[in-house]
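Let's work through some exercises on a protein chain together. Try each task yourself with the structure open, then compare your steps with the solution.

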Amino acid sequence: MIAAIFLVQCTSKDNGLPPGDPDNAGLFVPDGFEVVAVVDSLKGRARHLTVNTNGDIYVKLRFPNDEGGNAALRDTDNDGKADIIETFDDYIDRSSYGTEMRIHNGYLYFSSVTRIYRQKLTDQLVPDTELELILTDRQPPRQHDTKPIAFDNEGNLYTVYGAPSDVCQVDDRSPLSPGMFPCPILEDRAGVWKFDANKLNQFQEDGEKFATGLRSVVGMDWNDQDNNLYAVVHGRDYMHPTWPTEFTPWEGSVLPSEVFVRLKDGDDAGWPYHYYDQIKGDYFLNPEYGGDGEKQGEDVDKLTDPVVGFLGHFAPNDIMFYEGDQFPERYKNGAFIAFHGSTSSAPYPQTGYFIGFVPMENGIPTGPWEVFADGFAEQEIIKNTSDAMYRPMGLAVGPDGSLYVSDSEKGKIWRIMYKGDKDEFGEAELAGMEERKRTASNIKTPVEFEDIVVRDKDEKGKYSDENIGEGGKLFNTYCSVCHQRNGLGNDRFPPLDDAEWILGDKTRLINVVLQGLSGEIFVHEKSYNNVMPKLDRLTDEEIAGILTYVRGNFGNKGSKITPEEVAKVRKANETP
């Protein structure tokens with residue numbers, strides 16, 4: 001009898017859920033939650049994911065392989081670990097920034113950079129049904145070309161056409177380059193379009209433009225409770241490096257806000273003319289359009305107000321409204337957000353790399369946003385993006401209400417489960433996460449000057465860059481936001497160590513800086529396809545200083561580049 005009571009108690013507490021890992025798979029979560037690592041690494045890493053009604057997991061791979069661009073995982077013994085992993089679907093346009101993976105009305109929908117596909121699910125782990133093409137983007141892949149997907153309750157599919165630009169400048173991402181007005185990109189990019197979720201072989205002209213002013217969106221979801229579309233938006237980059245006379249390094253680190261927005265038909269989220277300042281709680285003109293941190297423009301009242309404005313560069317890459325029943329009631333209908341983590345917060349700590357939560361009811365926040373899961377980076381202070389061990393990418397909910405999180409660095413997947421008393425869950429169980437929100441360097445707003453982490457103090461206790469010379473200072477201002485101060489780059493921008501582009505032909509290297517670079521390149525056998533901005537507004541001396549610094553650091557032992565060499569290349573470019 002005693003044994004039977006003990007068995008019932010154990011079963012009741014765990015609700016048939018598998019045991020969590022002893023260290024919660026490296027994560028910090030509120031009291032009462034447990035975490036199990038479903039898989040430690042997937043070949044090809046991971047983007048977004050979804051979970052079927054039988055618990056099977058489907059993952060969009062970061063780097064497709066010869067067997068396909070999707071992975072299917074199955075746990076056969078209910079220990080929370082994937083026992084079967086299969087790769088499938090060899091499709092056109094298998095770029096590394098393919099994004100979405102969703103199940104809708106019995107179909108598995110997923111996206112590459114320029115296409116959206118679907119496949120009818122069957123009882124098999126890997127569906128053997130025909131792969132159907134729903135939508136094709138006619139333009140070749142460019143920056144911000146992700147295709148997140150959301151479905152409403154009337155048979156419509158929503159997806160994004162990202163802006164192939166940072167702020168619609170004449171010379172994209174180039175210091176002091178003005179913005180184009182009116183911005184021609186807004187006509188057919190930088191927005192959300194609505195399509196028929198069941199019609200095959202559609203193109204952009206077959207859909208309807210739904211919302212505009214959205215530079216880059218990687219995560220969207222439909223909120224059934226208030227019947228609206230919601231998105232998390234990446235703000236513009238490089239406020240200090242592009243406009244160092246208008247914005248300080250601290251302002252460049254914390255601004256502009258990454259916003260969580262409700263989108264209705266015809267809404268405008270401000271890009272490229274405006275950015276949102278979460279500290280001041282309003283929209284302001286971008287410096288490319290005459291802004292200085294104070295000017296707002298005449299039409300800010302027409303812009304959609306964010307539900308929440310987060311710290312700049314958190315990089316929100318997925319959003320999901322929780323409709324499960326496993327978690328305590330306070331999580332019901334709230335929004336979980338995966339913050340992939342910043343690349344451009346230096347000289348302050350890189351921020352993000354956690355799962356946030358916004359408690360909501362009928363689309364309205366019922367309290368401040370919270371930290372739900374942290375510890376992915378496995379670093380107390382993240383100086384460079386490459387320091388982060390894991391970067392949370394996608395979110396999904398299983399049939400039992402467990403929350404799944406994918407990682408883009410190693411392809412790790414976590415399953416977060418609640419094992420405590422739901423009726424007793426409250427502020428005490430959240431205290432540890434609230435403390436992390438106040439104090440963790442990857443989450444809190446850095447204190448100006450005090451929280452600088454990538455420079456050494458001089459003998460007077462002041463921060464100084466003198467040990468790296470003028471070339472190093474210029475590199476940190478104009479180049480480190482992409483290539484990082486350690487020169488190792490990140491997923492989007494290449495490393496500078498022992499690279500042919502750096503140590504090879506000087507003329508070619510100087511031209512990269514003078515003329516910029518676009519299109520796909522390979523560094524250390526890895527593909528990169530983001531824009532390198534022109535820095536031709538810098539003087540010959542400044543360019544020579546930057547390139548000499550790069551060729552003499554990060555493990556490089558290249559010779560100096562002189563101002564005369566830069567001048568010669570510049571003159572050759574100007575000669576008809």
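**Exercise 1.** Find the residue of β13 that stands opposite Lys194, then describe how the strands β12 and β13 pair.

*Solution.* Keep in mind that this is a predicted model.
- Step 1: Look across from Lys194, and you meet Glu208 in β13.
- Step 2: Trace the two strands: β12 covers residues 191-196, and β13 covers residues 208-212.
- Step 3: Compare their directions and count the links. The strands β12 and β13 run antiparallel and are joined by four bridges.
- A reminder for this step: strands of a sheet pair through backbone hydrogen bonds, in either a parallel or an antiparallel way.

**Exercise 2.** Place β12 and β13 in their sheet, and work out which strands lie at the edges.

*Solution.*
- Step 1: Write down the strand order, which is β10-β11-β12-β13-β17.
- Step 2: Describe the sheet: it is open, has five strands and shows mixed pairing.
- Step 3: Look for strands that pair on one side only. These edge strands are β10 (149-151) and β17 (267-268).

**Exercise 3.** Describe the hairpin formed by β14 and β15, including its turn.

*Solution.*
- Step 1: Locate the strands. Residues 216-223 make up β14, and residues 228-234 make up β15.
- Step 2: Check the pairing: β14 and β15 are antiparallel, with seven bridges between them. One facing pair is Asn223 and Asn228, the latter in β15.
- Step 3: Inspect the turn. Four residues separate the two strands, and Asn227 in the turn has a positive phi of about 60°.
- Step 4: Ask how covered β14 is. Eight of its eight residues are buried.

**Exercise 4.** Search the whole structure for disulfides, and say which cysteines take part.

*Solution.*
- Step 1: Recall the chemistry: a disulfide is a covalent bond between the sulfur atoms of two cysteines.
- Step 2: Search the whole structure, and one disulfide turns up. Its partners are Cys168 and Cys183, with sulfur atoms 2.1 Å apart, which is within the 2.5 Å cut-off.
- Step 3: Locate the partners. Both Cys168 and Cys183 sit in the loop between β11 (156-161) and β12, 15 residues apart.
- Step 4: Find the handedness. The torsion about the S-S bond of Cys168 and Cys183 is about 100°, so this disulfide is right-handed.
- Step 5: Test for burial, using the limit of under 20% relative accessible area. Cys168 has 0%, so Cys168 is buried. Cys183 has 6%, so Cys183 is buried too.

**Exercise 5.** Why is there no bond between Cys479 and Cys482?

*Solution.*
- Step 1: Take the sulfur of Cys479 and find the closest cysteine sulfur, which is in Cys482.
- Step 2: Read the distance. It is 8.3 Å, so the two sulfurs are too far apart for a bond.
- Step 3: Check accessibility: Cys479 is buried at 11%, and Cys482 is buried at 10%.

**Exercise 6.** Decide how compact the chain is for its length.

*Solution.*
- Step 1: Take stock of the elements: the chain has ten helices and 33 strands.
- Step 2: Compare the radius of gyration, 24 Å, with the 25 Å that the globule rule gives for 576 residues. The two are close, so the chain is as compact as a globular protein of that length.
- Step 3: Add the burial: 60% of the 576 residues count as buried.
- Step 4: Finish with the surface. The accessible surface of the chain is about 23700 Å², and 49% of that belongs to carbon and sulfur atoms.

Key:
Residues numbered from 1 in each chain as written. Predicted model: local features only at pLDDT ≥ 70, side-chain atom pairs only at ≥ 80, totals over all residues. Heavy atoms only, no water. Pairing = 2+ DSSP bridges. Buried < 20%, exposed > 50% of the residue type's maximum accessible area, 1.4 Å probe, protein only. Rg over C-alpha atoms; globule rule 2.2 N^0.38 Å. Areas by Shrake-Rupley, 256 points an atom, 1.4 Å probe, with all protein chains shown as cover.
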